[in-house]
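Have the model open in your viewer and work through these exercises at your own pace. Try each task before you read its solution.

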Amino acid sequence: MKNDYLLLTPGPLSTSQSVRQAMLKDWCTWDDQYNKEIVDVIRHKLVKLATTHDNYTCVLMQGSGTASVEATIGSALGPQDKLLVIDNGAYGARIGQIAQYLKINYVTLQHKETQTVDLQQFEAMLNRDTSITHVAMVHCETTTGMLNPLQQFCEIAKKHNKIVIVDAMSSFGGIVMDIGELEIDFMISSANKCIQGVPGFGFIIAKKSAMQACKDQARSLTLDLYAQWQCMQENHGKWRFTSPTHTVRAFYQALLELAQEGGIIQRQNRYQTNQQRLVKGMRELGFETLLNDALHSPIITSFYSPRASDYQFKRFYEQLKETGFVIYPGKVSDADCFRIGNIGEVYPDDITRLLSAIKKVMYWEKAQCA
Ligand SMILES: *Cc1c(COP(=O)(O)O)cnc(C)c1O
């Protein structure tokens, strides 16, 4: 089965045919062939991808990526704890929203979506409010495509002995990092982003000691991070409740393909080549990026919409879709944008084909941009 179009989105994204084919078998959820040979192997491989340190462990969690963020926030903070959330986009804001729903004490360091993290203010807040115990930041803010300053953030947080939670949903597997070197306590990502699996579950890679400390703290039964981890530890990869077997098997295949590509370094190179080719070509067509190049991740790029008065995203989208490409609407509150993702089973040649398609659509539209 071939896809009708290439997804140039932040996830779910285009997957390989072999990843999709891996879903054609059914699995028994208490059989060793599933738990020991697939789930436990995945957990082990994820830790190896995340760090060279051996004090980390991994737990998988059903649901979309947000469920894993909610499980982490809801389990890592005790009743006396307080969270500081860095907010420079929709996903940072969502962490604050989770804390609010769960009635967790929190403060946010608010920025505009186009603004990079104010590290001085971050440290000033930690100095001012010593009741803060945990800090959370999104690594790649998928709202804009901005890459937040992970290393400096972790250094400041650790200098002040805070528990560090990082939403690396859209960057893990596509950007090289060692979470042990960074001393991150909880790193969250999901199946359908840079590992290039299909949607259905997320995962948390955490310090074993940080995971232990979550015992009896969860505010939800299904999203109890510690209980899920305990079950997987004690029963060799068994999930507490029905696991998304087909998705998990596809993810296992996606991990093999990541290794075949040459690991995270090579995948980052490919994404970076995609992104640079895209930006160069789009600028040649007269488009402008929302962010300066220095702030950019290789994951997804926001472009200002053409200025033509009759431009409509929906029509632009539909015309591009007819040529075999699907792009994404903007998510920035004070600028009219659209987004193009570079992640997934997408290669530099696809970007070249996309650029000619956009050129054609622009011609049809007779849209004057920039
Ligand atoms: C995709 C993404 C999520 C999770 O989104 P879901 O729709 O719940 O899968 C969270 N944070 C970031 C930065 C993301 O890119």
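The exercises below deal with a predicted model and go from a sheet to a residue and then to a pair of helices.

**Exercise 1. Find the strand order of the open sheet of 7 strands, and work out which strands stand at its edges.**

Solution.
- Step 1: Read across the open sheet, and the order is β2-β10-β9-β8-β5-β3-β4, with mixed pairing.
- Step 2: Look for strands with a single partner; these are β2 (56-62) and β4 (105-110), so each has one side without a neighbour in the sheet.
- Step 3: For the twist, neighbouring strands are turned by 20° against each other on average, direction ignored.

**Exercise 2. Describe how β2 pairs with β10, then find what packs on the sheet.**

Solution.
- Step 1: Strand β10 (residues 201-207) pairs with β2 over 7 bridges, in the antiparallel sense.
- Step 2: To see one position in register, locate Cys58, which stands opposite Ile205 in β10.
- Step 3: Now turn to helix α4 (residues 90-101), which packs on the sheet and touches β3 (82-87), β4, β5 (134-138) and β8 (163-167). The direction of α4 makes about 155° with that of β3.
- Step 4: Helix α8 (residues 225-234) packs on the sheet too, touching β2, β9 (186-190) and β10. The direction of α8 makes about 110° with that of β2.

**Exercise 3. Is Phe153 buried or exposed, and which residues does it contact beyond its neighbours within four places in sequence?**

Solution.
- Step 1: Locate Phe153 in helix α6 (residues 150-159).
- Step 2: Phe153 has a relative accessibility of 0%, and buried means under 20%, so Phe153 counts as buried.
- Step 3: With those sequence neighbours set aside, Phe153 is in contact with Ile86, Leu119, Phe122, Val135, Ala136, Met137 and Val164.
- Step 4: As a distance check, the C-alpha atoms of Phe153 and Val117 are 8.8 Å apart, although 36 residues separate the two in sequence.

**Exercise 4. Work out how helices α2 and α9 are oriented to each other, and what kinds of residue make their contact.**

Solution.
- Step 1: The axes of α2 (residues 32-50) and α9 (residues 245-261) come within 10 Å and cross at roughly 45°.
- Step 2: That angle lies between the cut-offs of 35 and 65 degrees, and the two helices are therefore oblique to each other.
- Step 3: The crossing of α2 past α9 is left-handed.
- Step 4: The contact includes Tyr34, Ile38 and Leu49 of α2, with Val248, Phe251 and Leu255 among the residues from α9.
- Step 5: Sorted by kind, the contact residues are 13 nonpolar, 1 polar and 3 charged.

Terms used. Residues numbered from 1 in each chain as written. Predicted model: local features only at pLDDT ≥ 70, side-chain atom pairs only at ≥ 80, totals over all residues. Heavy atoms only, no water. Axes fitted to C-alpha atoms, helices over the stretch in contact; angles between N-to-C directions. Helix = DSSP H or I, 4+ residues; strand = E, 2+ residues; numbered from the N terminus. Parallel < 35°, antiparallel > 145°, perpendicular 65-115°, else oblique. Left-handed = near helix turned anticlockwise from the far one by under 90°. Contact = heavy atoms within 4.5 Å. Nonpolar A, V, L, I, M, F, W, Y, C, P; charged D, E, K, R; others polar. Buried < 20%, exposed > 50% of the residue type's maximum accessible area, 1.4 Å probe, protein only. Pairing = 2+ DSSP bridges.
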